[in-house]
Amino acid sequence: MANGTTSKTQTERLQLLRVLGPAHIWALGVGIVLVGEYMGWNFSVGKGGMIAGLIACWVAGLLYTCVAMIDSEVTSTVAAAGGQYAQAKHIVGPLMAFNVGLFLVMAYTMLEAANAITVGFLLDTVAGIQGHSGLDQHPFIVLSIMFLAWLNYRGVLATLTFNLVITAIAFLAIIVLFLSVQFGASSVPLDFSAITNDPLPYGWVGIVASLHFGLWYYLGIEGTCQAAEEVRSPARSLPYGTMAGIMTLLIAATMTWYVCSGLIPWEYLGQAGTPLFDAARVTGNSWLMVLLFVGTMFATLASANGCINDASRAWFSMGRDRYLPSWFGAVHPVYRTPYRAIVFLVPIALIFALGAPLDQVVTFSILSGLLGYTFMTFNMIMFRNKWPLDTIKRGYVHPFHPLPTIVLLTLCSTAYFAVFLGYGTQLIAMLCFYIIASLWFHFRRYQFVRRGDQFTMPWPKPRGY
Amino acid sequence: MAYKPPKQGLFGQVFDVLTLLVLTVGALYIPLYMGLAGAAKVPNPVANPTWQSLGQNAAEQQQWAALGITDPAAANNIITARFDYSFSWVALVVMAVLVVGYFVLVVRLSDREYREVIEERFGEKR
Amino acid sequence: MDVWSKLEYVAWGLSLMFGALMIIDLIRTDSTYDNDLLTSSREGEIEATAERHII
């Protein structure tokens with residue numbers, strides 16, 4: 001069973017297929033996130049001005065570097081589909097795991113819906129430029145979700161190889177745009193005068209507020225560990241792919257900020273639907289416009305694709321442990337994918353993509369992500385306390401131990417405040433949802449769960465129990 | 001003695017999924033229907049806008065033109081729109097209590113369940 | 001009827017096709033294989049044989 005495919009002697013067991021390498025992990029992580037550079041991050045400029053947008057970009061980058069470090073350590077040790085869900089189950093306990101599983105499914109399904117909405121919006125913009133007004137966006141929204149779900153259904157290797165190609169193209173598009181603008185391909189000059197004239201239109205509170213959408217630059221990088229059960233060597237590939245991913249994103253985010261802030265007046269940028277595509281429009285170069293259209297399209301598809309992959313893994317793992325009906329814990333006998341979870345999540349994504357406004361969906365996704373990062377802080381502390389470094393072998397040990405955790409917790413609190421400025425109602429609605437769901441799990445659903453079977457890692461007994 | 005969970009029938013499984021579904025959709029749509037969702041920017045348009053009075057320099061005017069907006073009046077609302085960041089401390093405290101309370105609740109209940117898991121897994125000698 | 005209006009219909013058609021492909025395969029798989037086999041995957045099984053967390 002070392003290579004993960006079911007051998008002759010164990011034909012009665014179906015497992016997910018172990019076929020992925022570090023490049024696929026990079027593609028999964030960056031693929032989900034890169035769309036944030038093509039849409040959404042710029043609302044942080046709207047919430048605080050240009051400088052605030054850049055600070056938010058770097059502060060959020062710091063937050064996610066902590067996330068990536070913590071995640072790499074835990075997940076290179078707890079290598080199971082469901083990622084943080086399986087971590088929570090082994091380290092904090094079943095109810096926390098159920099909540100984390102829900103965070104993951106919500107964050108990714110909402111992000112998937114947001115991506116599909118963007119595909120529709122972008123096609124509408126292009127149709128408008130070509131003189132066709134009033135395009136019906138619904139068929140395109142439905143098609144992108146259906147196609148990607150089908151791709152995921154048919155097998156993980158093809159899905160993530162597809163993701164690798166389109167993510168690489170979308171990333172190159174940002175670099176090409178940056179270089180061409182730098183070498184004078186733009187007919188309109190770069191202009192950063194707003195930085196000196198109107199540095200902080202909202203004052204310091206604007207910087208905090210902009211952190212809300214600053215998260216959008218990187219949201220979803222932690223999804224890499226969902227693939228743990230499908231990677232050939234998780235202890236090596238997961239930290240490697242995740243860290244390479246966060247570096248890629250830091251570079252892309254900074255270049256994106258530079259080009260967009262230089263080419264687009266910040267008041268417009270703060271409310272634009274597709275900022276990088278708009279920046280290409282401003283350059284007046286039709287090649288760049290085509291390139292950035294393709295980039296935006298690919299980035300959204302890559303992201304939705306990765307989201308389907310991750311959300312279905314989390315849903316599948318919860319079904320497998322009977323946190324959800326065990327019907328969902330099924331693996332397809334031929335394609336080796338969690339096919340029932342994939343199919344079930346399609347209509348859910350459609351409900352949100354067709355029925356809710358974009359900023360609402362995005363906020364729901366960000367909030368679920370944020371709750372997940374908060375969980376990571378005490379998860380990390382408990383992990384090191386229950387199993388100190390010398391008790392189990394870790395694939396990767398992150399340096400400066402309590403420091404990343406403390407930084408992450410501080411930044412999470414700030415981000416809660418940022419969301420509270422303007423979206424407090426959603427925050428409260430979401431928390432009520434999770435509290436009710438938790439009580440439901442604890443008092444009703446948990447009776448169907450086998451107690452001892454939940455702990456699957458070959459570890460010694462945790463300290464203090 | 002290991003805990004033996006009851007077997008759940010098809011009806012029970014469907015019912016549980018529906019419960020979760022209703023909760024999820026409710027959390028998203030209830031704030032929406034109650035009209036509580038989202039922070040709106042409020043435009044404060046200036047009278048008789050010119051690019052100068054809107055604070056746009058020559059380069060920025062070129063950029064607006066490239067975006068398809070040549071008339072300052074059309075950009076008036078976009079440029080002057082601002083968020084309102086005033087908030088009530090009471091609401092902030094309510095939110096903080098809710099967030100912290102939520103995590104405390106979850107971690108405490110989890111721990112109770114976790115002890116059971118560990119006991120069953122490591123209880124008897126393997 | 002320009003190209004965009006046609007694309008709308010194409011998109012509806014393709015969505016239906018992908019949806020149908022998944023549903024048909026799901027029904028066929030579920031009726032061909034035993035449910036106990038389909039849900040036989042266990043977390044950490046590979047873990048136990050392939051990687052030892054022991055120093």
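**Chain contacts, helix α16 and annotated regions**

No contact (heavy atoms within 4.5 Å) joins chain B and chain C, whose closest C-alpha atoms lie 13 Å apart. This is a predicted model in which local features need pLDDT of at least 70 and side-chain atom pairs count only at pLDDT 80 or more, whereas totals for chains, interfaces and linings use all residues. Residues are numbered from 1 along each chain as its sequence is written, chains are lettered from A and ligands numbered from 1 in the order written, and side-chain values use heavy atoms, without hydrogens and water.

Colleague: Which chains have the most contacts between them?

Modeller: Chain B and chain C are not joined by any contact. Of the 2 pairs of chains that touch, the one with the most contacts is A and B.

Colleague: On which residue is the kink in α16(A) centred?

Modeller: Helix α16 of chain A (helices being DSSP runs of H or I, at least four residues) covers residues 402-443. Its end C-alpha atoms are only 35 Å apart, short of the 62 Å of a straight helix at 1.5 Å a residue, taken over one less than its number of residues. The kink is about 115 degrees (the angle between axes fitted to the seven residues ending at a residue and the seven starting there), and its centre is A:Tyr423.

Colleague: What is the helix percentage over residues 87-107 of chain B?

Modeller: UniProt, in an unreviewed entry, places "transmembrane region" at residues 12-34 and 87-107 of chain B; such annotations may be inferred rather than shown by experiment. Residues 12-34 of chain B are 96% helix. For residues 87-107 of chain B the value is 90%.

Methods. Helix = DSSP H or I, 4+ residues; strand = E, 2+ residues; numbered from the N terminus.
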